[in-house]
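Got the viewer open? Grab the selection tool and let's take a walk through this one, stop by stop.

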Amino acid sequence: MKRYSAFAIAREALRQHTGWDRAWAKRPPKSKYDVVIVGAGGHGLATAYYLGKNFGITNVAIIEKGWLGGGNTGRNTTIIRSNYLQDPSAAIYEKSRSLYENLSQDLNYNVMFSPRGVIMLAQTQHEIRGYQRTAHANSLQGVTTEWISPERVKELCPIINLDGPRYPVLGGLWQERGGTARHDAVAWGYARACSDMGMDIIQQCEVTGVKKENGKVTGVQTTQGDIGCDKLGMVVAGHASVLAEKAGFRLPMESVALQALVSEPIKPCMDVVIMANTVHGYMSQSDKGEMVIGGGTDGFNNYTQRGSFHHIEETVRALVETFPMVSRLKMLRQWGGIVDVTGDRSPILSKTPVDGIFVNCGWGTGGFKAIPGSGWAMAELMAKGSSPLTDEFSMHRFREGKFIDESVAAGVAH
Amino acid sequence: MLTLHCPYCGVDADETDLHAGGEAHLTRFGPGASDDDFEGYLFTRKNPKGVHFERWRHAYGCGKWFLAARCTATLEVFATYSAQTVAPPADVRAAITAKRPDWSWGDLS
């Protein structure tokens, strides 16, 4: 792999950009791998990357039914934070956020991590108590967050309206080292690094069946033929239930649509991420100047990657209340993704009833922020059979009642 | 916008008048059940990409719960029917089979 650098740009500028290689190789699938990862989104690629980097397992294929990073990796609002209440969540999300800090250097690929800070607004007395509790929990967990006053919120984000018609801003939970990153670049950077380690990234290859012998996985049937493997990682977000059904088990999960939208680009007006969970909308400004907007999930089981318009209306109404200056903005694009929501709104990183199959899903509406940490932990789980970061996230926690209840801690946006 | 016909009051209700209640025809397990059964009842879901039987409440209308058979991959609605059923009735099955001949009924067969 030729390294990307300022020198490389200068060199290529002098020779008409004829020296750039493909970022990742296109190879046909081999008949067998040590590990097959299904799903070439951020989480799947990160899992493969850390399998290679941390455990030296490089005979790996990452197979993808669509195109690389074309699912939720390319559909989220790119927010990165780790201000969770429960210890297992804080551990894996903070691991992830700290890996983002120097991911560009690690991958030699600019993922444009921008630790611009994230504020979660408190707009009810209940939220004040909840976020103060989270700030205390975070200080015990070693996650740097701070409870801030409405005046400080206004200082950090001058375009906010503190005295909204329904819910005035009463303070906020501030994570200074949270922020955003370029979501496509995260997938592309991991893909390039995986390919460089000799792993095969196989796109347009849908899994149609899972092959088992004596309760152990032996491979997958795909639209590009059978591929054998010793271990199989299912990292397919919204389609995890569909894939699990092919392997013969069910998950405690439902798939629903989550929508997002962006405005026309405008001049810089906001250099933090704001989440308003009571009125239910969140917003940040991309480097291109677009306001990137998200809200809550649609209400019913859905695999269409489309949502209902009234949810967009709710989200935009919430943001017009919070930021009156956006009321005249034109919206450029709107889209949906299929998110996998579990009973306690926390992910599943787990062994499964089938020997050799591991599942990483249930990130719901908040998976992007977790990509590096999720991949790191999933790789350890697959290589060693357990990981301190994943032990609490077993799919069997529902049977045991050991929930990691973030539906309360995170409110609605997650 | 999703529109469902309420089998109780007869109104074609918009999604904004309705509240989704998740998978229908679950077998209810209570005290004395095994851990597996109780977990299955409370948390484990089919979550199919295709025909889905689900509970809905006509929340901003007559207030009644009813059931719907709907395709989660296309949003096509096959039928709505009474909540006082433990399995999809024959006419609902026929409506689905007519449109999805390859559909596997799994544990509802």
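The tour goes from an annotated span to the core, then to a loop, and ends where two chains meet. Keep in mind that this is a predicted model.

**Stop 1: the annotated span.** Select residues 35–79 of chain A, which an unreviewed UniProt entry lists as "domain: Rhodanese". Put a distance label on the C-alpha atoms at its two ends and you should read 30 Å. Colour by secondary structure, and the span comes out as 31% helix and 20% strand.

**Stop 2: the core.** Now pick V36(A), I62(A), M234(A) and I274(A): within the largest nonpolar core, which has 140 residues, these touch the most other members. That core takes at least three residues from each of domain 1 (31–109 + 182–252 + 344–409) and domain 2 (118–178 + 255–341) of chain A. Zoom in on I62(A); leaving out residues up to four places away in sequence, its contacts include I37(A), L45(A), C194(A), M199(A) and I201(A).

**Stop 3: a loop residue.** Jump to E264(A), in the loop that links β12 (253–263) to β13 (273–276) of chain A. Is E264(A) buried or exposed? It's exposed, because just 12 other C-beta atoms lie within 10 Å, and 12 or fewer counts as exposed. Beyond its sequence neighbours up to four places away, E264(A) touches E290(A), L329(A), K330(A) and L332(A).

**Stop 4: where A meets B.** Show both chains: 19 residues of chain B contact 19 residues of chain A. On the chain B side, β3 (19–23), α1 (35–42) and β4 (51–57) each chip in at least two residues. Colour that side by class and you'll get six nonpolar, six polar and seven charged residues.

How values were computed. Residues are numbered from 1 along each chain as its sequence is written. Chains are lettered from A and ligands numbered from 1 in the order in which they are written. This is a predicted model: local features need pLDDT of at least 70, side-chain atom pairs count only at pLDDT 80 or more; totals for chains, interfaces and linings use all residues. UniProt positions are given in the numbering used here, feature names are shortened, and annotations may be inferred rather than shown by experiment. Helices (H or I, at least four residues) and strands (E, at least two) are DSSP runs, numbered from the N terminus. A residue is buried if 20 or more other C-beta atoms lie within 10 Å of its own, exposed if 12 or fewer, and partly exposed in between; C-beta atoms are placed from the backbone. Two residues are in contact if their C-beta atoms, placed from the backbone, lie within 7 Å. Ala, Val, Leu, Ile, Met, Phe, Trp, Tyr, Cys and Pro count as nonpolar, Asp, Glu, Lys and Arg as charged, and the others, Gly among them, as polar. A nonpolar core is a set of buried Ala, Val, Leu, Ile, Met, Phe, Trp, Tyr and Cys residues joined through C-beta atoms within 7 Å. Domain bounds come from an automatic or database domain assignment.
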